[in-house]
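Got the viewer open? Load the model below, keep the selection box handy, and follow along one stop at a time.

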Amino acid sequence: MEHKGTVTLVNPNQIYPPIAPYALDVLTTALEAAGFEAHVLDLTFHLDDWPRVLKEYFRAHRPLLVGVTCRNTDTVYALEQRPFVDRYKTVIDEIRRQTPAPVITGGVGFSTMPFALVDYFGVEYGVKGPGEKIICDLAQALHEGRPADDVPGLLINRGPGHVTRVPPPALTGRPTLPQPLSPSAVGHYESRAWQAETELSYTRRSGVPYKVDNLRYYRMGGLGSILTKNGCVYKCSQCVEPDAKGTRFARRSLHAVVDEIESLTAQGIHDLHTTDSEFNLSIAHSKSLLREIVRRRDADVTSPLRDLRLWVYCQPAPFDEEFAELLAAAGCAGVNVGTDHVRPEMLDGWKVTGKGTRYYEFADTVRLVELSHRHGMLTMVEALLGMPGENLETMRECVDRLMELDATVTGFSLGLRLFPYMDLAISLAEQCDGVRTVPGLQSNTATRPIVLKPLAQCDSPVEYERQFMFDESGNFRLVCYFSPDLPEAPGTVGSPHGIWRGSVDFLWNHIPESERYRVMLPTLSGSSQNDNNYADNPFLTSLNRQGHTGAFWAHWRNREAILSGAGTLRELAAEGSR
């Protein structure tokens, strides 16, 4: 095949424990299949000397295109509110000093506010959602010397504050193209299945120059990752993924996924976490995948799949006996379920299908935990407190019923980071209507009441998206939401930068100290190292330094010994079978 040129893919993420940039393996696979050389320039392991790494690379290489992945815009943790995009911009600015090649940015975090970030980064192009088809089309256009204006789905920077999107195939046949501020023009809530590569087995490497070093990440972070499908057909009001990843499932070839799992386990990467939204949605596909893993394991006593320890994200339903049996037979070690709440009225209109109907009850979570434990799998149950309508009574009941459930670990989060195209964020912007604030809107760095404008009132998608990350002066102001009905003083609720300390204190006081070993609780900045914020978490970094692998929550009960460096991790599998 003709060598069409080099596309350089840069990972600027320097948060620890390190997470392998899976997206760059996906893009590398697609680019190589299209006849391009794909180089990965990974800055994760160059905390101090990354400018030198960039300078030396671009001195020796002249790529056709540079891609930068932006996995997260910030910690997405309402009680910390730490941005990452400023660091990404510093890296991008240095790239632009070192090469004349155009830059394209993408990633799940980027896709939550892509117009604003193309503008903020000052790059030529962006991709909302899966990038493998679009980056190949763009690279082909650059190779042929054609303009990028006919690359479907591509975001193009037309100048300060002016970013447009080339209409995708689903829109190009319409008599009248969408208006600049319509939901379709910004790509809100549409299928992105056409953007995803579903037939190829993504090439996962270790120890190869200018590629993602998956084994190194595993040794330093304890987990690998696997994707079985992209997108989500559900429409939970607090979730970014249907908008960022697309509203239809792009199911990957079963054989391609299992080939990939087999390749990773053969490299010594035995713990793999699913990155779906979520693994048990489209359960027939998930069951077929598990059956293929089991078939290969049983057919070959030397198969590396026999070393697989699978960790899965799930919703409470669907989850039946057959699914639990297949998970266990395929080597699943643990199930992480996002139950979010126990009260029906709290979940109505929140955890819903595309048609707006709630798709599970708390009884489904109880059954999931029971089935998982019966089949020897650990469980992590997560609740999200502080959504609209949350008060002391609902919070107390949620905590009490989840503690009675006795999962291996139970995690409680408080407050929600808002992103532009969440249904909740859209609703709050409409309530503000550009003229008033809404109780519960909060940012640690707010200097005045937070007043959001709906998309239709903004001059551009850039303006609409920016208000969720920056204030009017361009300073960082990450907008969050906490229910104003929580047990807080009026002065806290009335302040745009109030800290919901009363709710945090309630959670810590309500759960007996003797039970906290199996609970993750929200913490205020600097108050405890025992929280569930992933970025630069002391427990996680201690865990990885000591060589523990698997989902970090599986080691949570033994965190004190791990943090002190004492002893060996107790065998937790017994927890799953009790």
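What follows is a walk through helices, charged pairs and some unusual backbone spots.

Before you start: this is a predicted model, in which local features need pLDDT of at least 70, side-chain atom pairs count only at pLDDT 80 or more, and totals for chains, interfaces and linings use all residues. Residues are numbered from 1 along each chain as its sequence is written, and side-chain values use heavy atoms, with hydrogens and water left out.

**Stop 1: Asp119 and Gly161**

Select Asp119, which you'll find in helix α5 (residues 114-121). Helices here are DSSP runs of H or I with at least four residues, strands are E runs of at least two, and both are numbered from the N terminus. Which side chain of opposite charge is nearest to Asp119? That's Arg466, 4.5 Å away, and Asp119 is buried without a salt bridge. Buried means under 20% relative accessible area, exposed means over 50%, and partly exposed is in between (1.4 Å probe, protein chains only). A salt bridge needs a side-chain nitrogen of Lys or Arg within 4 Å of a carboxyl oxygen of Asp or Glu. As for charge, Lys and Arg count as positive and Asp and Glu as negative, while His and the chain ends are not counted.

Leaving aside neighbours within four places in sequence, the contacts of Asp119 (heavy atoms within 4.5 Å) include Asn157, His162 and Gly161. Click on Gly161 next: it sits in the loop between β6 (154-159) and β7 (162-165). Gly161 is partly exposed, at 28% relative accessible area. With the same neighbours set aside, Gly161 touches Asp119, Ser460 and Val462.

**Stop 2: two helix pairs**

Two packed helices are described by the angle between their axes and the distance between the axes. Show α5 together with helix α3 (residues 85-98): they pack at about 45 degrees, with axes 10 Å apart. That angle makes α3 oblique to α5. For the angles, axes are lines fitted to C-alpha atoms, for helices over the stretch in contact, and values run from 0 to 180 degrees between N-to-C directions. Under 35 degrees counts as roughly parallel, over 145 as roughly antiparallel, 65 to 115 as roughly perpendicular, and the rest as oblique.

The crossing of α3 and α5 is right-handed. A crossing is left-handed if the near helix is turned anticlockwise from the far one by less than a right angle, and right-handed if clockwise. Among the residues making this contact are Tyr88 and Ile92 of α3, and Leu117 and Phe121 of α5.

Now bring up α11 (residues 283-299) and α12 (residues 321-329), which pack at about 35 degrees with axes 9 Å apart. Here the crossing is left-handed. Leu290 and Val294 of α11 are among the contact residues, as are Phe323 and Leu326 of α12.

**Stop 3: an enclosed helix**

Jump to α20 (residues 538-545), where 6 of the 8 residues are buried, so this helix is largely enclosed by the rest of the structure. Color Phe539, Leu540, Thr541, Ser542, Leu543 and Asn544 to see the buried ones. Their cover includes α8 (214-221) and α21 (559-564). Just after α20, Gly547 has a positive phi of about 85 degrees.

**Stop 4: charged pairs**

How many salt bridges does the structure hold? There are 41. Try Asp243 with Arg192, whose closest N and O atoms are 3.9 Å apart. Asp243 lies in helix α9 (residues 241-245) and Arg192 in the loop between α7 (169-172) and α8, so the pair ties together parts 51 residues apart in sequence. Both Asp243 and Arg192 are buried.

For another, select Glu397 and Arg401, at 3.3 Å between the closest N and O atoms. Both lie in helix α15 (residues 392-405), 4 residues apart, about one turn of the helix.

**Stop 5: backbone oddities**

Most residues other than glycine have a negative phi, and most peptide bonds are trans. Zoom in on Ser277 and Glu278, joined by a cis peptide bond with omega about -10 degrees. The bond from Ala317 to Pro318 is also cis, with omega near 0 degrees. Finish at Tyr189, with a positive phi near 55 degrees, and Tyr210, with one near 60 degrees. Tyr189 lies in the loop between α7 and α8, and Tyr210 is found in the loop between α7 and α8 too.
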